[in-house]
Amino acid sequence: MSPQETVERALAAANGGDCVVIAEEASTANLRWAGNTLTTNGVSQTRQLTVIAVDKRADGVRAGVVSRAGVRDDQIEEVVRAAAKAAADGTPAKDAGDLLGASAADPGSWEEPPGRTDITVLGDFAADLGDAMRAADGAGRKLYGFAEHELRSTFLGTSAGLRARHDQPTGRLELNAKSADMTRSAWAGASTRDFADVDIAAMDAGLAERLGWARRRVSLDAGRYETLLPPTAVADLLIYLYWSAGAKEATEGRTVFSKPGGGTRVGDRLSALPVTLSSDPAAAGLGCAPFVIAHTSGEDSSVFDNGLPLTRTEWISDGALTALTSSRHSATLAGLPATPGIDNLTFASGGGATLPEMIASTKRGLLLTCLWYIRTVDPQTLLLTGLTRDGVYLVENGEVTGAVNNFRFNESPVSMLGRLAEVGATEPTLPREWSDYFTRAAMPPVRVEGFNMSSVSQAS
Amino acid sequence: MDDQESQIDEEFTALPLRDLADAALTQARTLGAQHADFRAERTRNQQIRLSDGNLQRLYDGDDAGLAVRVIVDGTWGFASAVDLTPDAAAAAARQAVEVARVAAAMNTEPIELAPEPGYGDVTWVSSYDVDPLDVPSADKISLLAHRSRELLGHDAVSHVDAALAQVRECKFYSDGATTAIQQRVRVYPNLTAVAIDGDGRFDTMNTLAAPAGRGYEYLTGTGWDWETELAELPDLLAAKLRAPSVTAGRYDLVIDPTNLWLTIHESIGHATELDRALGYEAAYAGTSFATLDKLSKLQYGSPVMHVTGDRVAEHGLATVGYDDEGVAGQSWDLITGGVLTGYQLDRRMALLKGFGRSNGCAFADSAGHMPLQRMANVSLAPAADGPATHELIAGVDNGIFIVGDKSWSIDMQRYNFQFTGQRFFRIRNGKLDGQLRDVAYQATTTDFWNSMEAVGGPQTYLLGGAFNCGKGQPGQIAPVSHGCPSVLMRGVRILNTAEEGAS
């Protein structure tokens, strides 16, 4: 049975009760390599049916969710019954709202069969990678990394008449080069929709240049440094900020975006520079679902919002906080318009220099490659800790003069926005730390005053 | 059917598991695979979340599928499928062989596996009394709502988050010589209280009950004293919000098992994974400073440090009967008298590096993923006649007693780490003297463990753990436990996190 037929059959099984059905098919292919040889690989296909049953009673509206993989045609009614039972077992939902109807979202190419990927999408890439590994082996470099492609087709239906479909291709490539003695390391990543735009030889050449920079080693102590963060590092810090920008907890007084005494900090200036942080389902090269797909409710997501149209949202405009992620329910609590989370993120100031130009204009500072193991230390200020990884370089008088030891940093991305000295040109990037969860980002390199390197890490 | 098999999810045992395995293994061998193994899995999970006593999430997940792993001419191939039919199993075997042939162009190290005895048809079920997925949702919601309301009844508490995660994991494995059917149950209940003062300052405090390989009885009195903890929590939170900010510097630390388990996880558990030491995780999770050339030489910690890996501890989250390569559960030394003496292995690495038999650390989190070397229960042994926690505290003039885990971060070779906690008590002249705020401890792994002066006795021992240790690409999660006693560390660097965050 097709996912479209599954949606219709599940809705029919709800016998006129309020219900949301999400039928998904996903296929993936991946390759992983280490030390110039393949380590693991695989292909997978999954099929998931999620039924959200709504149980309306005098004392409130209940919602129960059952999500099951590999449901056979003869099990669809069973899943619907299980969801109805879950709803009946629950207590009233604070986020209850009307389900969205036919006019809410563009149905897309509803009738088309679901998309599918397989190992052949990586065929040309695997051959190029084999060449790159042989070349690296000859040049005394070791290559490590991972390539993955996923295609997910989502079919959403509600008992109120909504039908919406979204096909999401997601590809990512990470390439890590190390010297034969493992003391020097460099990294590059790419987000891609189909691997047709990946140039593995060019990425490897860039890494070889960086390993060359690291032949001269410079030991520096912990301290605050003028620091150039490349787009991937900016992405990892600002994605964390974005994930921490929920309306409900801000309203409750428990995040960095809470206003002392009550309310949120929407309207506060976070940066003196005219920066914009935004999400847009239609962003070029970063396309993502143009409507809410919510398998479960959370602080700022709601199963009742399934199908709610998503449009370009500015979280920070001209340096000021302008929106927080919210469901219709949490937006009401916050007294703000409903602005649900969107699966991409762009930070820009309109123009700006490239990273090589920013290096050239640096008198003395650190150039990072990427960040790692980022965790909250203090939610009051959104103080984060983490490590530099795969190359910290000393820039002196406009040139890279050597590689510096790694550091543990303690920094808040909110505080950092207030210390931006320069914002470069925005480009697509793969967030190194968060690419398991978030791959669609466009970020500029930035120059930060006094980035807090709290201690030295011996890791190389 | 024996007693254990009767405990296993009937819908899982009703599947044609042996027919699926036969279809896959026969197809793989026909196509030239030198090795083939087959898994079928069903994992049910339920998540319940309440916000201020109101139900926010009631989610029932049910994941199932099959997986075929082959070695063809020395190269791995892996494929999984969602339909549990013999045709789908045979198709997955064909796909796995095709993947191996595509991947061969990139492979320079022929794959071979360490031998393991065949165990025939075996069944294993983890230790629990009440399957949480058999308990009506309404009862679980009611219990969490009641506990939330009790906390909210205290003046200091502004908000309460309550969560209960429950998992029932069924695995069928066959490589021809061993056919194992297994079921594990685990639960993770947690409540977080939030306090906000008039100046907009806020703080939180979590309950300390660790996720555990136990059933619903863990929420109702077995293995954890909820009543006492929930009664104490609001006052502890109120005192924490009013507490003075710590003065950064070096302090002696007494660390409670509720905090130390996570430090063990990050600085010993991951550092003694052989795949990391060999570089297989170099581009992602990272490598390890504890490289193979340091085996039997590295003074990892002080002589009072004895650490084991195991797959057998009762209620341990990494405990299994057989791993995902058919290797029986075992216990072995990782650190002995402070010296590195072992690693966590799978069958491929065990043979490659001359360890002989694998110690059973292959695990995949679902049929959709290929097994990786994943963490065993890695635990620090108590001293047989060792001191109680208050006796360790009595030996400190100027220090901090740290309870409960919170924030964690460690570098990609497991040298430099930084941890915070739930509760920090000042120690003056051998006695506790109120709480402190804004505390983090930061150290290099071997410096930290070599500063360990004493480990507590068995009466201080507790099994901590996590549901969701991440590793590998594609990313996989794994549950794991860490047992440890209270410990006394000398001269550890303490940061003031408010100062760290000041612009």
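**Note on a predicted two-chain model**

1. In chain B, strand β20 (residues 462-471) pairs with β21(B) in the antiparallel sense, and eight bridges hold the pairing. This is a predicted model, and the points below should be read with that in mind. The two strands make a hairpin in which four residues lie between them, and B:Gly472 in the turn has a positive phi of about 85°. Across the pairing, B:Gly470 is found opposite B:Ile477 in β21(B). As to its surroundings, strand β21 (residues 476-484) of chain B has eight of its nine residues buried, so it is largely enclosed by the rest of the structure.

2. Helix α5 of chain B, residues 137-152, contains 16 residues and reaches 22 Å from its first C-alpha to its last, which is close to the 22 Å expected at 1.5 Å a residue. The buried residues in this helix include B:Ser137, B:Lys140, B:Ile141 and B:Leu144, and also B:Arg147, B:Ser148 and B:Leu151. Because they cover an arc of only 135° around the axis, they are on the same side of α5(B). In general, an α-helix has 3.6 residues a turn, so residues three or four places apart point the same way. The exposed residues B:Ser142 and B:His146 are carried on the face of α5(B) that is turned away from its buried side.

3. Which elements cover the buried residues of α5(B)? The cover includes one element of the partner chain, α2 (76-89) of chain A, and from chain B it includes β1 (35-51), β2 (54-72), β5 (159-174), β6 (178-196) and α6 (226-242).

4. Where the two chains meet, 82 residues of chain A are in contact with 71 residues of chain B. On the side of chain A that touches chain B, strand β2 (residues 37-57) of chain A gives the most, with 11 residues. The residues on that side of chain A divide into 41 polar, 25 nonpolar and 16 charged. Strand pairing also crosses between the chains, since strand β3 (residues 60-69) of chain A and β2(B) run parallel and are joined by four bridges. One of the partners can be named: A:Arg68 has B:Asp62 in β2(B) as its bridge partner.

5. B:Thr108 lies in the loop between α4 (86-103) and β4 (120-125) of chain B. Is this residue buried or partly exposed? B:Thr108 counts as partly exposed because it has 15 C-beta neighbours inside 10 Å. Leaving aside residues up to four places away in sequence, B:Thr108 touches A:Asn36 and A:Thr37. The C-alpha atoms of B:Thr108 and B:Pro479 are separated by 32 Å, and these two residues are 371 residues apart along the chain.

6. For chain A, the domain assignment gives domain 1 (3-210) and domain 2 (216-460). Taken over C-alpha atoms, the centres of domain 1 of chain A and domain 2 of chain A are separated by 24 Å. Contact between them involves 35 residues of domain 1 of chain A and 30 residues of domain 2 of chain A. On the side of domain 1 of chain A that touches domain 2 of chain A, the elements giving two or more residues are β1 (19-34), β2, β3, β4 (141-158), β5 (163-179) and β6 (185-192) of chain A. That side of domain 1 of chain A consists of 17 nonpolar, 13 polar and five charged residues.

7. Helix α4 of chain A, residues 200-213, has 14 residues and reaches 20 Å from its first C-alpha to its last, close to the 20 Å expected at 1.5 Å a residue. Its buried residues are A:Ile200, A:Met203, A:Asp204, A:Leu207, A:Arg210 and A:Leu211. Seen down the axis of α4(A), these fall within an arc of 115°, so they line one face of the helix. They pack against α3 (123-138), β4, β5, β6 and β14 (383-396) of chain A, while the face of α4(A) turned away from the buried side carries the exposed residues A:Ala202, A:Ala205 and A:Glu209.

8. Chain A also has an open sheet of six strands with mixed pairing, in the order β11-β10-β9-β12-β19-β18. At the edges stand β11 (320-321) and β18 (427-429) of chain A, each with a single partner strand, so one side of each is left without a neighbour in the sheet. Within chain A, strand β12 (residues 345-348) and strand β19 (residues 441-443) run parallel and are joined by two bridges, and A:Thr346 stands opposite A:Ala442 in β19(A).

Note on methods. Residues are numbered from 1 along each chain as its sequence is written. Chains are lettered from A and ligands numbered from 1 in the order in which they are written. This is a predicted model: local features need pLDDT of at least 70, side-chain atom pairs count only at pLDDT 80 or more; totals for chains, interfaces and linings use all residues. The expected span of a helix is 1.5 Å times one less than its number of residues. A residue is buried if 20 or more other C-beta atoms lie within 10 Å of its own, exposed if 12 or fewer, and partly exposed in between; C-beta atoms are placed from the backbone. The arc is that of the directions from the helix axis to the C-beta atoms. Two residues are in contact if their C-beta atoms, placed from the backbone, lie within 7 Å. Ala, Val, Leu, Ile, Met, Phe, Trp, Tyr, Cys and Pro count as nonpolar, Asp, Glu, Lys and Arg as charged, and the others, Gly among them, as polar. Two strands pair if DSSP finds at least two bridges between them. Domain bounds come from an automatic or database domain assignment.
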